[in-house]
Amino acid sequence: MSEQRFGEFVAVRRHDHVAELVLDRPKAMNAVSSEMARSIGAACAALAADASVRVTVLTSSNDKAFCVGADLKERNSFTDAELVRQRPVARGAYTGVLELPMPTVAAVHGFALGGGFELALACDLIVVDATAVVGLPEVSVGVIPGGGGTQLLPRRVGAARAAELVFTARRVAAAEAVSLGLADQLVDDAREGALELAGRIAANSPVGLRAAKRAMRLGQGLDLRAGLEVEDAAWRSVAFSGDRAEGVAAFNEKRKPEWPGE
């Protein structure tokens with residue numbers, strides 16, 4: 001396993017074709033400061049450019065929290081002008097995760113609140129263990145979710161359920177989170193479970209995985225006819241690829257594919 005640091009608070013560890021993006025500000029329970037937000041954005045840019053990465057798993061180095069959201073101590077010191085200047089920095093972290101081209105899995109252990117839960121919502125799949133507590137409590141401190149929560153949560157659980165969760169600012173424990181669709185799997189250990197799931201995903205065609213994600217993301221919210229056109233464009237992007245040729249050959253030869261990734 002290799003590790004690359006992005007500033008003081010973010011690391012990327014490589015497990016073959018799976019990248020583990022580690023939130024590593026344990027003394028602050030991974031509260032996202034401006035410096036940490038820049039590092040998340042930089043790490044995501046590097047991962048997006050790396051064609052060898054088939055799946056990214058978002059994890060935490062803290063044993064009590066995935067991420068507790070924005071660094072409110074830092075925010076408390078901002079003038080209005082400084083808050084305006086900081087906004088693109090904060091958005092860059094959430095957008096970086098959301099726009100990763102490969103499948104992404106969040107491994108939620110402990111608290112994932114506010115911006116911390118939004119980082120998880122930006123992933124394609126969310127794995128939790130029994131310690132997980134998630135929520136978007138922003139209205140309780142006079143703001144609103146600003147890392148995509150008002151848009152991503154309704155897409156996951158529907159408008160009415162999202163409204164109840166955002167308007168009440170309540171926290172949701174692991175079992176209820178899975179039952180409501182806020183998370184996808186409840187496992188014994190979030191990091192190990194997410195990495196195991198990522199390994200199974202990474203066994204598949206990297207070209208196919210990225211195209212399937214692109215089709216699902218771009219087709220979301222479109223009417224069926226338009227969505228099928230998005231799917232057709234994604235199909236055409238893989239139909240004549242090396243991965244498609246290798247996948248068909250491996251199936252017929254009854255062997256494991258050796259994906260060229262192109």
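**Exercise 1. Place alanine 169 and decide: buried or exposed?**

Alanine 169 sits in the loop between helix 6 and strand 10 (172-173). Helices (H or I, at least four residues) and strands (E, at least two) are DSSP runs, numbered from the N terminus. The model is predicted: local features need pLDDT of at least 70, side-chain atom pairs count only at pLDDT 80 or more, and totals for chains, interfaces and linings use all residues. Residues are numbered from 1 along each chain as its sequence is written, and side-chain values use heavy atoms, without hydrogens and water.

Next, the backbone. Alanine 169 is not a glycine, yet its phi is positive, about 60 degrees. Last, accessibility. Its relative accessibility is 14%, so alanine 169 counts as buried (under 20% relative accessible area; exposed is over 50%, partly exposed in between; 1.4 Å probe, protein chains only).

**Exercise 2. Where does asparagine 30 lie?**

Look in the loop between strand 3 (18-23) and helix 1 (34-48). Phi of asparagine 30 is near 60 degrees, a positive value in a residue other than glycine. Asparagine 30 has 0% relative accessibility and therefore counts as buried.

**Exercise 3. Which residues pair with valine 128?**

Start with strand 6 (residues 104-108) and strand 8 (residues 125-128). They run parallel, joined by four bridges. Two strands pair if DSSP finds at least two bridges between them. Valine 108 stands opposite valine 128 in strand 8.

Now turn to strand 11 (residues 185-186). Strand 8 pairs with strand 11 over two bridges, again in the parallel sense. There, leucine 186 is the bridge partner of valine 128.
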